[in-house]
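Visitor: Please choose a single part of this structure, look at it closely with me, and then connect it to the parts around it.

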Amino acid sequence: MKKNTPVKTMLLASTLCLGVVAGATIPTLLTGSPSAQAKAVEVTSPAKPVDFSGVVKAVKPAVVSVQVKTKISTPSSSQSLGIPGFPEFKDLPKDHPFNRFFRRFGEETPQEGEKQPSRPRYGQSQGSGFFISEDGLVVTNHHVVDSGSEFTLVMDDGTELKADLVGSDEKSDLALLKVQDSDRTFEYVKFAEELPAVGEWVLAVGNPFGLGGSVTAGIVSAHGRDINARNYESFIQIDAAVNKGNSGGPTFNLKGEVIGVNTAIFSPSGGNVGIAFAIPSEVAQDVVADLQDGGKVKRGWLGVHIQNVTEDIADSLGLAEAAGAMVTHTDESAPAFKSGVQIGDIILAVEDNPVKNTRELARLIGRADPDSDVELTIWREDREIKIEVHLGLFPDQASISEQKQIEPAKPIAPAEVEEFGLELQVSPDEEGVVITRINPDSVAAEKGLVQGDVIQSVAGKKVDSIKQLRQQIAEAKDGSRKTILMRVKTQNGIRFVALPLKKS
């Protein structure tokens, strides 16, 4: 027995050790089902640093510097030192010593009755661009060529070429130039069919500060950036160094394809801080195709004024989430009105493409072909409906009817609605009730309502009296609504405001 004791002791120790080491397997043995465990992230590092030289060598001949000659308005010929508060000297006597001073510095005063000849003055701006065809089509930014009278392209080898403006589009900030020398062929690059993922390497090539062909490397930082209210397209954000003069230049993937056109930087100092924005290749391709075909971009037109759907608005209308674009105004001549789109409708989708916000709707409609039919998914009266709209051609300048300024009526018998901290009066000139006073600490003031605004409808029903307004509030509370939606006419147009209701 004593001889076997060490063996038994070893077996017991082994069993205990197994229980400790494999403790994670015990629940499986007891219950018969494995317990869920998260795995740590595992990343395989690249074997060696990335070499960009091959890509650079291939694409650099297709990138050019764009020099733009612009005419500057001639300044006034009045004799002034240009110092604030210092007088001008255009009416001084001819023998005055200050007149001799001006003549000495080239400011000759014309003789009486003699006209001063106007001398045109020119300035020069510069940016970047790139060839997209062998016959010399060059893409750049609209803001690079805007107001330009002459255009010169400087190639990577120093060759200078004169170019003409084919077309330009302010909304997308893209422009197209064409080399005047039609007998020569050029190396060119093509647009990428797919955008790189966030984190992939990209190269920006251009003409920063007029230095000529420069290359910087970085990664894609984000997709879908919104940087300009006038431009409804979204942008690619990159961290490659981009500076003044890079505008209009290309950003490449490692295949040498253009994934974006550099258009803007975010910089408190004016220099590179690693946040640059490029117009995606898919947008650039569409715009360039239109510019080639007539020099203008053709966009679809729905003809509605819209606002974003907030959480409060979604709650007041029974929407599951705050998404879509709310119609605040339609023109009787617009495609939307003719197809039955109404004020207060929430546009949820275009051809089954979800609409997240107003910018998304503008993007989807703008990319659609004019004179085409699109199906809108609309939320109206607590249910989804489908409406087919025959789009029009987006006008060059949107015709927005001027809103008449509402003068607050002087209340004869002020009526307070304590629910929202408002004092109201029936409008003598139009539908609705006018806000004549507002409590600055109220929820209405917090939502941006001001004196002079006209409440036209509440919970989808028109109101012509304070009594009707109070009745709609009571019905909303009876229906267990937490918020109530109001259509409000402001000095800037129509908008919808959702106000939270107090508990009964």
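Guide: A residue is called buried when its relative accessible area is under 20%, exposed when that area is over 50%, and partly exposed in between, using a 1.4 Å probe and protein chains only. The model is a predicted one, in which local features need pLDDT of at least 70 and side-chain atom pairs count only at pLDDT 80 or more, while totals for chains, interfaces and linings use all residues. Residues are numbered from 1 along each chain as its sequence is written, and side-chain values use heavy atoms, with hydrogens and water left out.

The part I have chosen is helix α9, residues 358-367, which is largely enclosed by the rest of the structure because 8 of its 10 residues are buried. (Helices, H or I of at least four residues, and strands, E of at least two, are DSSP runs numbered from the N terminus.) The buried residues are Thr-358, Arg-359, Glu-360, Leu-361, Arg-363, Leu-364, Ile-365 and Gly-366. Where α9 starts, a side-chain oxygen of Asn-357 comes to within 3.3 Å of the backbone nitrogen of Arg-359.

The strands against which the buried residues of α9 pack are β13 (300-301), β14 (304-308), β15 (325-330), β16 (346-350), β17 (353-354) and β18 (373-380). Val-304 belongs to β14, and with a relative accessibility of 17% Val-304 counts as buried. Although Val-304 and Ala-362 are separated by 58 residues in sequence, their C-alpha atoms are 10.0 Å apart in space. Beyond its neighbours within four places in sequence, Val-304 is in contact (heavy atoms within 4.5 Å) with Val-327, His-329, Thr-330 and Ala-336.

Turning from α9 to another helix, we find α6 (residues 281-292) lying across β11 and β12, at about 50 degrees to β12; such angles run from 0 to 180 degrees between N-to-C directions, with axes fitted to C-alpha atoms, for helices over the stretch in contact. Strands β11 (residues 258-265) and β12 (residues 276-280) run antiparallel and are joined by 5 bridges, where two strands pair if DSSP finds at least two bridges between them. Within this pair, Ala-264 stands opposite Phe-277 of β12. Both strands take part in a closed barrel of 6 strands with antiparallel pairing, in the order β7-β8-β9-β12-β11-β10, and the twist from one strand to the next averages 45 degrees.

Helix α6 also lies across β3 (137-140), β5 (160-169) and β6 (174-179), and runs at about 50 degrees to β6. These strands appear in another closed barrel of 6 strands, β1-β2-β3-β6-β5-β4, with antiparallel pairing, whose twist averages 40 degrees from one strand to the next. In that barrel, 6 bridges join the antiparallel strands β1 (residues 63-72) and β4 (residues 148-154), and Gln-67 has Thr-152 in β4 as its bridge partner.

Finally, the largest nonpolar core (a set of buried Ala, Val, Leu, Ile, Met, Phe, Trp, Tyr and Cys residues joined through side-chain atoms within 4.5 Å) has 28 residues, and Phe-130, Ile-132 and Val-139 have the most contacts inside it. Two or more residues of this core come from each of α3 (53-59), β3, β6, β7 (201-206), β11, β12 and α6, with α6 giving the most, 5 residues. A second, separate core has 23 residues, among them Val-458, Leu-469, Ala-476 and Val-497.

Definitions and conventions:
Polar contact = N/O pair within 3.5 Å; in protein donor to acceptor, adjacent residues only side chain to side chain.
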